[in-house]
Amino acid sequence: MIVAVRFCALIALLAQLVVVPALAQMQDRRVALVIGNSAYKNAPVLPNTPNDARDTAEALRKVGFEVVDGIDLDKRGMDAAVSRFARLAQEADAVMFYYAGHGFQFNGENFLVPVEAKIDDEVSVQYETVKLSEVTTALGFAKGVKIMVLDACRNNPFLAQLSKKTRSMSIGAGLAPIAKAQGMVTAYATQANDVAADGAGRNSPFTAALVQEIQQPGLEIATMFRRVQKAVYDSTGGKQTPELSLSLLGDFYLNREETDADIWKRLRSSDNPAEIKAFIQRFPTSFFAVDAKTRLDLIERRGLASGEREKLEQEFAAKEKALLDRVQQAEKDRAKAATDLAGRDAGKTADTERAVPKPGEVTPAKQTDANERDRLAKELAKKEQELAALEAEKAKLSQEREEREKAVATRMNSGSVTELPPPQKPLLPAAPGTRPQRQEPREVQQPRVVLDRKSTGILTGGIETAPEPRNTKRRPGAGGAVDCTDALMRAQLGDGGSVPKNCR
């Protein structure tokens, strides 16, 4: 038994060893290094680079990157950050380097400037700065897409010193072009050998556009950077145009979330107002926001119509039940009065046969019988009047219900909502000992209360629902009206059903 248990445990462990690597392979590993240098000791301070770095790091974390970031790093800090990034980049599916700060080219090679660097001559360039080629080497450890974004093409603050103290004439403005490599994407804030603007707002024009586009789901990276280029060109009045170098064999998406089109395709037939509202809040400027608002309005008005119907149904169900109870009780009282009067008449006839009084003679018993019969006759007449009054009350209740339903239908139709069909009412039970009378179809569509008097003199209370005549053209604004606006709206939103011929 112990051997079997150990064997099962071993099998489970081996299964975990097989499954865990498989799951790990399914996870898309993304790593980014983000640096923003601002507080330079020997160069002009760059006020918005910390914001650029922080906002970029936050945007990358939201789309699944593990971010190594640093603000105002010295030479040692930048070297440590690059080293840590290189270790994390090994076998990663996608890596990205973002830098905002001072950078320059010297002898055709690009250099990034730590905050304490003092650049006086060619030697200080080599030992006081970080070569961009070192970052390129770190990116090379990844097996997947490699992205380098440089918002460092600002004016070279060391140009004057280097021009005086070095023999080299290769001191250019901005950054030098980077050689293309397979699987590499390189984005400059401006054209090679040109300078970029710092920006007067929270971010530089380039980073502001970059962060905005990273937040847009479903953009292939080439499309995303083209949109960044256009945004920067427009915001700077054509003075600055980012440059993109791309060498990828396939598509790559920074933001892999569903697009507004994907989500709306799933929600367009939804009847959940909370989902539609969430879509509108998330994509307020989406092309589909108008359809979403139309759908939400339709759902809310449907709910309003349903609530009105339900409230009306409950109200009149209670009234009709109370009225039916009164009718049934009145029927019982009337039947009892009729039975008592009939019994009194039968008893009088039997007494007359046994003892025939002399003509003109009025006995006390005879007088009593006459008084009792008059009382019973009056009682029966009173019950008849009560039943007639109840019948009138039923007719009034039926008319009130019909008017209320028409009012609800008119109000709903005025808001382009197709009127809901009248609620189906069950047939109210007939009075004890009677059968409901079969009713012929009528033109009236709303349920109504009917009272039928049979030969027995007993009233039958019930609810009659007349079938709707076929091929009847219904007028707009009336109960059960066909609303072309709503029908076309349903077809547009993919809510099912076909558009009536008279609406085409």
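Student: I've got the model open. Which residue in strand 5 does Phe106 stand opposite?

Tutor: Phe106 stands opposite Glu109 in strand 5. Keep in mind that this is a predicted model. Strand 5 covers residues 109-112, and four bridges join it to strand 4. Strand 4 and strand 5 run antiparallel.

Student: What is the order of the strands in that sheet?

Tutor: The order is 4-5-6, in an open sheet of three strands with antiparallel pairing. Strand 4 (103-106) and strand 6 (130-131) each have a single partner strand, so they stand at the edges, with one side of each left without a neighbour in the sheet.

Student: Okay, now the sheet of six strands. Which strands stand at its edges, and why is one side of each left without a neighbour?

Tutor: Start with the order, which is 2-1-3-7-8-9 in an open sheet with mixed pairing. Strand 2 (66-71) and strand 9 are the edge strands; each has a single partner strand, so one side of each has no neighbour in the sheet. Neighbouring strands here are turned by 5 degrees against each other on average, direction ignored.

Student: How do I see the mixed pairing?

Tutor: Take strand 8. Strand 7 (residues 145-151) runs parallel to strand 8, with five bridges joining them. Along that pairing, Ile147 stands opposite Val185, and Met148 has Thr186 as its bridge partner. Now look at strand 9 (residues 243-247): it pairs with strand 8 in the antiparallel sense, over five bridges. There, Thr186 has Ser245 as its bridge partner.

Student: Is strand 8 mostly covered or mostly uncovered?

Tutor: Mostly covered! Strand 8 (residues 184-188) has five of its five residues buried. Check both faces: Met184, Thr186 and Tyr188 are buried on one side, and Val185 and Ala187 are buried on the other.

Student: Which helix lies across strand 8?

Tutor: Helix 7 does, and it also lies across strand 3 and strand 7, running at about 145 degrees to strand 7. Helix 3 (residues 75-89) lies across strand 1, strand 2 and strand 3, at about 170 degrees to strand 1.

Student: And how are two packed helices described?

Tutor: By the angle between their axes and the distance between the axes. Here, the axes of helix 2 (residues 49-62) and helix 7 (residues 205-214) come within 9 Å and cross at roughly 15 degrees. Helix 2 and helix 7 are therefore roughly parallel to each other, and the crossing is left-handed. Helix 2 makes the contact with Asp52, Asp55, Thr56, Ala59 and Leu60, while helix 7 uses Thr207, Val211 and Ile214. By class, that contact has four nonpolar, two polar and two charged residues.

Technical notes: Residues numbered from 1 in each chain as written. Predicted model: local features only at pLDDT ≥ 70, side-chain atom pairs only at ≥ 80, totals over all residues. Heavy atoms only, no water. Axes fitted to C-alpha atoms, helices over the stretch in contact; angles between N-to-C directions. Helix = DSSP H or I, 4+ residues; strand = E, 2+ residues; numbered from the N terminus. Parallel < 35°, antiparallel > 145°, perpendicular 65-115°, else oblique. Left-handed = near helix turned anticlockwise from the far one by under 90°. Contact = heavy atoms within 4.5 Å. Nonpolar A, V, L, I, M, F, W, Y, C, P; charged D, E, K, R; others polar. Buried < 20%, exposed > 50% of the residue type's maximum accessible area, 1.4 Å probe, protein only. Pairing = 2+ DSSP bridges.
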